[in-house]
Amino acid sequence: MSAAAFNLRRYDRSSSVDRHAFAQWVVPVRGELAFELEGRGARLDLWQGAFVAPAAGHAQAALDDDRFLIVDCPAALFDDDTLQRLHRHPVLALPVQVRAMAQRVCAHPERLDADVVARELPLLLQAFSLAGSGTRLQAVCAQIERHPGQAWPVERIAAEVGVSGSRLHALFRQAFGMSPLAWLSACRLRWARGRLAEGDMPIASIAQHAGYSEQSALTRALRREWGMTPADYRRRHRQ
């Protein structure tokens, strides 16, 4: 492809593996997406998106009420170092500016033309470049995403980033519009939702492995954010 393109999409409950010669961002706008990229599974939601490198095999599954901003982008727009890093670490903590951009674009789906691409694409390229404002925190967010059930006090997260606790709060607020512990809570709930939807692990075990003190804490968190209990969530995704 010779030019970038923005598209709004909904996905079915399953898809075949797809590959294409261009790069692609997947930015959830509503709901969540079970995403598989080169054999690695991830769950995408309003806080977490993905980058599909050229020729990378990917598949996805979603429910009917979900919506996603898909940005197709020629590989030539990336420098080699950025493209390689995104290929190695494709699951992305979404900066607040990127989330706002996705909502802005989706508010006017009839206007997804070349002018919108020219105005909004530089924000994406900058946000995930090696010097991007959110890139400094991507590594620690990826660690939390892989091991949400571990103890992650602010002091540990700050040490991973190499800053003080107060500076960490400022960086998270600037990059993601939330505190480090709020990000941790979102990550734990995302991990738990994936296990509820995709496996048969008992709910109490899911809560324990996700880092909740007890099953009732997971129930409260899921009901607060998604309006349903863990059992309700599991039934909805098994239908």
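In this predicted model, helix 7 passes helix 8 in a right-handed crossing. Helix 7 covers residues 180–198 and helix 8 covers residues 203–210, and the two pack at an angle of about 150°, with their axes 9 Å apart. Because angles over 145 degrees count as roughly antiparallel, helix 7 and helix 8 are described as roughly antiparallel to each other.

The contact is made by R188, W191, A192, R195 and L196 on the side of helix 7, which meet I203, I206, H209 and A210 in helix 8. Sorted by class, this contact of helix 7 with helix 8 holds six nonpolar residues, one polar residue and two charged residues.

A second topic is the empty space enclosed by the protein. The count comes to one cavity of 30 Å³ or more, and the largest cavity holds about 40 Å³ of space. Its lining is formed by Q48, V91, L92, A93, Q138, C141, A142, E145 and W183. Two elements, strand 8 (91–93) and helix 4 (138–146), each give two or more residues to this lining, and helix 4 gives the most, with four residues.

The table sets out the residue classes for the helix contact and for the cavity lining.

| Site | Nonpolar | Polar | Charged |
|---|---|---|---|
| Contact of helix 7 with helix 8 | six residues | one residue | two residues |
| Lining of the largest cavity | six residues | two residues | one residue |

W183, one of the residues that line the largest cavity, has a number that falls within the range of helix 7, residues 180–198.

Definitions and conventions: Residues numbered from 1 in each chain as written. Predicted model: local features only at pLDDT ≥ 70, side-chain atom pairs only at ≥ 80, totals over all residues. Heavy atoms only, no water. Axes fitted to C-alpha atoms, helices over the stretch in contact; angles between N-to-C directions. Parallel < 35°, antiparallel > 145°, perpendicular 65-115°, else oblique. Left-handed = near helix turned anticlockwise from the far one by under 90°. Contact = heavy atoms within 4.5 Å. Nonpolar A, V, L, I, M, F, W, Y, C, P; charged D, E, K, R; others polar. 1 Å grid on protein atoms, 1.4 Å probe; cavity = no way out; pocket = protein on both sides within 12 Å on 5 of 7 lines; lining within 4 Å. Points joined across faces, edges and corners; volume = space filled by probe spheres on them.
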